[in-house]
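Here are my notes for you on this structure. Have it open beside you and go through the points in order.

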Amino acid sequence: SDFALFFFIYLSFYTLELMPLVLFILFLARELSMYLVIRPLSMVKNLDPGAKMPGKIKTALQITGSLLILAMLITNQLGFIPYNLVDSISKYILTLLVRVSVVSLFWYIKPLILKPQAELGKEEQLTKIIFNLVISFFLFHLLSGSMIALVFDIDFHLTAIFLLSVILYHIFLLWGLNQLKDAFFNEETKATLTRVNLPILLSFLRLSSLPTVLFLLLNLEKIPVLTIILPVLVCIFLTDLFDGFLARRLHQTTRIGRYIDSSSDYVNILAISFVYYFYHLIPTWFFILITGRLVIQGAGMIIFHFKKAHNNMIVTRLGKAAVFATMTLYILELMELLNIPIIADILVVSVLEYVTGLLVALSAIDKFIFLKSAFQSIRREKR
């Protein structure tokens with residue numbers, strides 16, 4: 001019944017040219033593979049063929065998104081909003097809905113190809129946890145970027161480079177996390193993780209988003225800034241506020257969470273800084289300052305890791321403030337491109353650049369002093 005309902009709803013949206021053909025085909029491919037392949041195989045293997053939580057979330061989002069589009073169409077017919085706005089927002093909503101729908105297939109395919117958790121040893125369990133984490137976000141970003149490229153007619157060569165970068169980047173993340181299996185434990189209880197908690201998911205979302213963020217920013221001329229690029233950056237930056245807070249609040253502080261949290265801040269801000277500098281969105285002095293600060297942080301993390309000085313991998317309040325200020329500045333820089341009044345005024349952005357630059361400089365000095373003290377402490381312990 002769900003499939004029949006949304007088939008005719010999406011067919012209507014396609015007829016109204018609100019839904020690109022590629023999205024309609026992906027929707028059909030997802031549903032047909034579910035009913036013709038995945039569910040029959042599950043029944044043959046005596047597995048539960050019923051709806052899983054990701055599938056239920058997908059259906060709830062489809063209902064919400066479809067009702068929102070219908071409401072916009074009614075509002076347009078009443079003369080309150082222009083049709084081109086309905087068209088633009090509808091494509092964004094439908095891209096999101098189909099993306100979630102296709103990604104949800106992973107949780108139906110997984111039981112068919114992986115052994116149950118109870119049959120695995122400790123090492124195999126960690127390998128499975130890491131694999132599930134990386135492959136889930138890999139599929140999410142691969143499908144997201146592909147659909148955005150198709151909907152907004154991005155150059156084929158740029159899209160191919162993006163897809164290759166997503167594959168190589170997630171292979172690197174898979175390898176890196178497997179090298180850090182010893183860090184998958186709760187720092188309060190010292191218990192090995194049996195699943196990925198919410199703070200880790202938020203941090204890894206930020207870390208895994210690097211190729212997608214670069215792809216969006218490098219196609220500013222074709223991809224809408226207000227409806228796609230800006231919301232994506234805001235969501236990614238907001239995860240930095242909540243991952244650490246939730247980890248402490250829920251007593252789910254993990255060593256691997258510390259690694260992922262710091263690394264995600266480092267790679268995203270560094271990459272975005274290069275793109276912004278290329279587009280002349282940030283001045284040269286700020287670019288040199290922020291890259292220098294991040295190099296100091298990255299060098300410290302690498303040295304602490306190889307010296308097994310994990311307790312020294314702490315994030316100071318000044319460091320967090322500098323990261324938050326930089327992320328806020330980068331959001332406002334995009335708003336300035338859209339000529340949004342008051343909040344993204346050129347004077348406001350210029351003042352924030354200097355304030356953020358001061359915070360970054362102070363945090364760099366603070367981090368340098370901390371690293372020097374920590375290294376001296378490590379030498380004394382060795383003696």
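1. Start with Phe324, which has 44% relative accessibility and so counts as partly exposed. The labels work like this: buried is under 20% relative accessible area, exposed is over 50%, and partly exposed is in between (1.4 Å probe, protein chains only). Phe324 sits in helix H13 (residues 317-337). Helices here are DSSP runs of H or I with at least four residues, numbered from the N terminus.

2. Before you go on, know what you're looking at: this is a predicted model, where local features need pLDDT of at least 70, side-chain atom pairs count only at pLDDT 80 or more, and totals for chains, interfaces and linings use all residues. Residues are numbered from 1 along each chain as its sequence is written, and side-chain values use heavy atoms, with hydrogens and water left out.

3. Which residues join Phe324 in a nonpolar patch on the surface? They are Val234, Leu238, Leu241, Phe242 and Phe245, and the whole patch has about 510 Å² of accessible area together. Helix H10 (residues 225-249) gives the largest share, 5 residues. To be in a patch, a residue needs over 30% relative accessible area and no salt bridge; nonpolar side chains (Val, Leu, Ile, Met, Phe, Trp, Tyr) are joined within 5 Å, like charges within 9 Å. The areas come from the Shrake-Rupley method with a 1.4 Å probe, and for residues only the protein chains shown count as cover.

4. Now for charges. A salt bridge is a side-chain nitrogen of Lys or Arg within 4 Å of a carboxyl oxygen of Asp or Glu, and by this rule there are 11 salt bridges. Take Arg206 and Asp261, whose closest N and O atoms are 2.5 Å apart. Arg206 belongs to helix H8 (residues 198-208) and Asp261 to helix H11 (residues 255-278), so this bridge ties together parts 55 residues apart in sequence. Both Arg206 and Asp261 are buried.

5. Follow Asp261 further and you'll find a salt bridge to Lys320 (3.5 Å, N to O). Asp261 is in H11 and Lys320 in H13, so this pair ties together parts 59 residues apart in sequence. Lys320 also bridges to Asp240, with 3.1 Å between the closest N and O atoms; that pair links H13 to H10, 80 residues apart. Is Asp240 buried or exposed? Asp240 is buried, at 5% relative accessible area, while Lys320 is partly exposed at 25%. Arg206, Asp240, Asp243, Asp261, Asp265 and Lys320 are linked in a network of salt bridges.

6. On to the rings. Rings of Phe, Tyr and Trp (its six-membered ring) pair if their centres lie within 6.5 Å; planes under 30 degrees apart are stacked, over 60 edge-to-face, and the rest tilted. The structure holds 20 aromatic pairs. One of them, Trp285 with Tyr354, is stacked, at 5.2 Å centre to centre and 15° between the planes. Trp285 is in helix H12 (residues 284-306) and Tyr354 in helix H14 (residues 346-382), 69 residues apart. Trp285 is partly exposed at 34%, whereas Tyr354 is exposed at 56%.

7. Don't skip the ring cluster either: ring pairs link Phe3, Phe6, Phe7, Phe8, Tyr10, Phe13, Tyr14, Phe24, Phe27 and Tyr35.

Notes:
Helices (H or I, at least four residues) and strands (E, at least two) are DSSP runs, numbered from the N terminus.
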